[in-house]
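Work through the exercises below with the sequence and the model side by side. Try each task before reading its solution.

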Amino acid sequence: MTSQYAQAVVDGVLSGGVYALMAAGLTLIFGVMDVINIAQGVMVVLGAYLSYALSVHLGLDLFATLVVTVPALFVVGVAVEWLFMRRLADRDRTAMSILVTYAVAIIIEGILIQVFGPDFVQLHGPYVDKSVHVLGFYLPYIYLYGFMLAVVLLGLLYALLYLTRFGQALRASLQDRRAAELIGIEVNRVRTLTFGIGVAVTAAGGMVFGATNAFNPNSGYDLISRLLTIVILGGLGSIGGALVAAVFMLVVEDVVAVAWSPTWSTLVFFAVLVIVLTFRPSGLFGRTAVRAQ
Amino acid sequence: MTALLEIEDVHKAFGGLQALAGASLAVEEGAIAGLIGPNGSGKTTLFNVVTGYERPDRGVVRLQGESIAGLSPDRVFARGLGRTFQLSRIFGRLTVLENMLVATQRRQTWLRGVLRHAGSAAERARALELLEFVGIAELAALPAGNLSYGQRKLLELAYVLVADPDVLLLDEPAGGVNPTLVNQIADRIRELNRSGKTFLVVEHDLGFVMDLCVPVTVLDQGMALCTGMPEEVRRDPAVLDAYLGGADEDEVEGAAEAVR
Amino acid sequence: MTGETSLLRRGGVFAATLAVTAAFVLFPLVFSNPTTTSIAFFVLIYMIAATAWNVFSGLSGYIALGHAVFFGAGAYTLAVGAEKLNVSAGWTPFALVPLAGIVAGAIAIPFGLISLRTRRHTFVVITIAIFFIFQTLAFNLSFTGGSSGLQTPFPLWTAVGYNQRFYYVALVVLVATVAMAVVVRRSRLGLQLLAIRDDEDRALGLGVRTSRVKLFAFTLSAIPVGMAGAVYAYFLGQIFPQFAFDPLFDITIALMAFFGGLATVVGPLLGALVLESMQQEFTLRFSAGGGIYLIAYGALFLVVILVMPRGVVPTLRDALANARERRAGSPGPGVRVHAPLRSRP
């Protein structure tokens with residue numbers, strides 16, 4: 001019995017890592033630009049479809065497809081920011097960003113339906129259905145690789161943020177936009193690149209998601225709801241928070257699925273958020289709202 | 001005799017930063033008290049604590065003998081304490097008159113009349129009266145976002161007066177405003193004071209404060225350094241030290257001479 | 001709320017309202033084709049929901065994406081109520097519509113209490129989370145019939161008459177909703193909501209009881225949505241959890257309100273009219289899949305948001321006002337100066 005739970009915890013941690021990657025992108029975008037990218041969910045699906053197309057038509061290994069999809073989604077992110085987000089005025093920026101990114105999400109979903117049709121597909125590879133048996137646990141290869149990929153990418157993200165000048169500029173913009181502008185940081189360029197990076201990571205997440213779930217163009221909604229929940233729980237703008245929240249939520253969900261039933265686990269996922277927010281309105285690691293100036 | 005507004009030993013820290021470290025201050029009824037101090041001394045934080053925007057970690061804030069520390073800003077306002085902000089905050093998308101109508105009267109119960117047409121004739125009349133008083137009545141129908149900086153300061157002053165507060169906390173009422181307007185504002189404050197209102201004014205413009213306020217308190221690093229008549233405070237070496245920072249006795253004397 | 005409007009303008013507005021109301025009333029009699037009236041019915045349902053949503057979100061700036069909870073609650077109230085109370089088909093089930101509104105309002109109170117404690121950004125997400133909780137409950141609780149849903153009574157009316165009757169019921173609810181929206185917009189509540197939208201903390205410092213104001217408006221906005229859900233459920237004859245609690249519903253009504261203009265009364269009506277008719281037309285024409293429809297819908301939306309960020313109605317209104325002033329030769333465009341509020345002696 002306990003081994004079932006332990007397995008659930010392991011599953012949760014592994015898949016949590018992948019969700020963390022996608023959520024990190026989302027929270028980064030919010031932290032730097034005050035923008036909530038509703039399209040993040042469908043962009044994951046886009047990444048999954050791109051990997052699908054490459055693996056099916058060119059026979060590429062799933063991880064190899066990332067070489068194409070990650071830069072491709074980076075470009076998509078930069079394009080979206082440059083074309084649309086930039087035009088948003090500062091007032092009501094967040095509310096407007098919800099609508100704009102939602103419109104973008106609808107367009108992307110429409111394109112996916114036209115190109116790939118509405119049927120469910122899934123990514124396949126030699127290791128997708130196999131697991132490695134370690135210490136009495138079954139670690140599906142795909143989750144394991146996905147988790148390692150997430151760790152690597154999050155590590156790269158960390159390095160970018162803390163070891164490069166661009167990362168410095170990004171963190172400065174994250175902490176205090178106006179101050180960053182005053183120092184002369186080209187906030188616009190930082191924003192565009194950040195949006196691109198935030199979206200690019202979805203390519204990686206998308207590939208793993210696509211290999212572990214059957215998906216169709218409609219799958220973006222459920223995804224974005226989960227990503228938003230994770231991001232809010234972790235605290236908007238906090239990447240570490242997103243990581244902790246993602247793993248926590250996924251573990252809770254998987255454990256509840258075992259303890260209770262899979263149907264209720266979805267409910268618990270969202271209920272956790274509601275409960276946490278009731279006691280800590282700014283999330284686990286969020287910046288507490290200062291009321292006055 | 002208890003002062004109208006009593007602030008005793010207030011502490012407030014933000015993470016590692018101790019913004020207020022035992023600040024104490026008393027404002028007598030009918031006074032126009034001044035609060036000065038170098039940047040970062042905690043003046044705005046003190047205002048925030050008194051008006052309910054921040055909770056003090058420790059300490060007492062009393063209005064007319066009753067504790068108000070930790071009350072939310074709307075309740076503080078209902079007790080008769082109004083406050084302006086350093087960078088004037090107005091409701092940009094509402095008209096100037098509508099801005100005036102937002103402020104709620106003190107004894108008003110909320111549910112009754114919440115669906116009644118905004119702004120009764122009496123309320124509008126009073127609003128215009130107050131706008132007239134600060135001199136921007138002709139702008140009543142303009143969206144407040146169109147107002148100039150100085151006009152916004154006047155609007156903010158006008159709408160905190162709507163509920164006829166007993167005490168007004170003004171955060172840099174003369175900041176960034178042209179000299180004519182500064183005098184206008186000072187005159188208005190004196191007029192309101194004559195009609196019974198008490199003031200606590202934070203200002204960087206020392207001339208403004210020395211001219212208008214009695215007594216003056218100096219805040220430095222979250223604590224009150226001294227309180228007294230403007231002249232005394234001006235000459236106090238500890239005060240000069242705080243402003244000029246770590247100078248020795250002779251230099252301080254010299255600087256004091258120059259300021260006089 | 002602008003300054004005193006001249007008698008002529010007010011007369012004009014009154015006449016226009018009368019004309020539009022007449023058009024709404026006569027529509028199903030003139031265009032009685034059941035396909036058309038069916039579309040018209042759905043348009044009305046969305047008009048109700050978008051208008052009600054706007055009363056809270058449009059005025060306060062708190063974007064709620066969980067109103068589908070109220071819609072679904074209303075739908076299920078009618079379905080469950082009709083079943084438990086053994087209500088026979090016909091006009092009687094409509095009596096459950098006000099009950100549906102009350103149920104929705106009752107749910108709004110704890111919903112609001114939990115979610116309104118958070119900042120705006122968090123608020124959006126918590127409404128989504130609460131929505132998903134309700135959706136899951138609907139899927140899994142026995143009295144909601146689980147994933148097979150519930151049936152509602154099926155009145156034996158002719159196709160034409162069926163649609164017409166439902167249309168008029170929806171119209172009655174719509175009129176009541178619009179009336180509520182107008183009252184709120186002009187009231188102290190409306191003003192306080194707008195103040196909260198512009199600067200919530202400043203409003204707090206002026207004595208506005210922001211928590212109460214928001215909760216009250218939130219609850220008010222839930223009631224018509226619940227009623228719309230009930231009418232909708234009865235019209236369809238069967239409800240399923242994924243349609244009664246549909247995440248697209250939330251974003252659709254938000255888009256409609258934005259399209260037309262937040263914080264206006266007419267805006268959501270216009271938005272619902274345009275967007276819902278569009279959606280219905282597209283579903284009829286492009287029955288297989290919805291790819292092209294989605295692309296067109298999204299693109300239209302982007303264009304409107306970027307070109308007219310305040311929505312169609314306010315943008316047009318300003319354009320007209322500026323044109324009028326330029327003709328009259330007054331101070332330049334962009335500065336609206338209306339007649340003074342004090343009457344001259």
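The exercises below go from one chain to a sheet, then to contacts between chains and to backbone angles.

This is a predicted model, in which local features need pLDDT of at least 70, side-chain atom pairs count only at pLDDT 80 or more, and totals for chains, interfaces and linings use all residues. Residues are numbered from 1 along each chain as its sequence is written, while chains are lettered from A and ligands numbered from 1 in the order in which they are written.

**Exercise 1. Describe the overall build of chain C.**

Step 1. Take the elements. Chain C has 13 helices and two strands. Both kinds of element are DSSP runs numbered from the N terminus: helices are H or I with at least four residues, strands are E with at least two.

Step 2. Take the dimensions. Along the principal axes, the C-alpha atoms of chain C fill a box of roughly 65 × 50 × 45 Å. The radius of gyration of chain C is 21 Å, which agrees with the value near 20 Å for a compact globule with 345 residues. This radius is taken over C-alpha atoms, and the globule rule is 2.2 Å times the number of residues to the power 0.38.

Step 3. Take burial. Of the 345 residues of chain C, 51% count as buried. A residue is buried if 20 or more other C-beta atoms, placed from the backbone, lie within 10 Å of its own, exposed if 12 or fewer, and partly exposed in between.

Step 4. Take the contacts. Two residues are in contact if their C-beta atoms, placed from the backbone, lie within 7 Å. Among contacts in chain C between residues at least 6 apart in sequence, 79% join residues at least 24 apart.

**Exercise 2. Find the domains of chain C and describe where they touch.**

Step 1. The domain assignment, automatic or from a database, gives domain 1 (1-29) and domain 2 (31-250) of chain C.

Step 2. Taken over C-alpha atoms, the centres of domain 1 and domain 2 of chain C are 26 Å apart.

Step 3. Five residues of domain 1 of chain C are in contact with nine residues of domain 2 of chain C. The side of domain 1 that touches domain 2 has five nonpolar, no polar and no charged residues. Here Ala, Val, Leu, Ile, Met, Phe, Trp, Tyr, Cys and Pro count as nonpolar, Asp, Glu, Lys and Arg as charged, and the others, Gly among them, as polar.

**Exercise 3. Trace the six-stranded sheet of chain B.**

Step 1. The strand order in this open sheet is 6-7-8-3-9-10, and the pairing is mixed. Strands pair if DSSP finds at least two bridges between them.

Step 2. Strand 6 (81-83) and strand 10 (223-228) of chain B are the edge strands, each pairing on one side only.

Step 3. Strand 9 (residues 216-220) and strand 10 of chain B run antiparallel and are joined by five bridges. B:Val216 stands opposite B:Gly228 in strand 10. In the hairpin of these strands, which has two residues between them, B:Gln221 takes a positive phi near 50 degrees.

**Exercise 4. Compile the two contact sides of chain C.**

Step 1. Towards chain A, 40 residues of chain C are in contact with 40 residues of chain A. Helix 5 (120-140), helix 10 (247-260) and helix 12 (291-307) of chain C each supply at least two residues to this side. The largest share, 15 residues, comes from helix 5 of chain C. By class, the side has 26 nonpolar, ten polar and four charged residues.

Step 2. Towards chain B, the contact takes 31 residues from chain C and 33 residues from chain B. Helix 6 (159-186) and helix 7 (188-204) of chain C are the elements that give two or more residues. Helix 7 of chain C gives the most, with 13 residues. The side divides into 15 nonpolar, seven polar and nine charged residues.

**Exercise 5. Locate some uncommon backbone angles.**

Step 1. Most residues other than glycine have a negative phi, and most peptide bonds are trans.

Step 2. Phi of B:Gln64 is near 50 degrees. B:Gln64 is in the loop between strand 4 (58-63) and strand 5 (66-67) of chain B, and is partly exposed, with 16 other C-beta atoms within 10 Å.

Step 3. C:Asn86 has a positive phi of about 50 degrees. C:Asn86 is exposed, with 7 other C-beta atoms within 10 Å.

Step 4. The peptide bond from B:Val214 to B:Pro215 is cis, with omega near -5 degrees.
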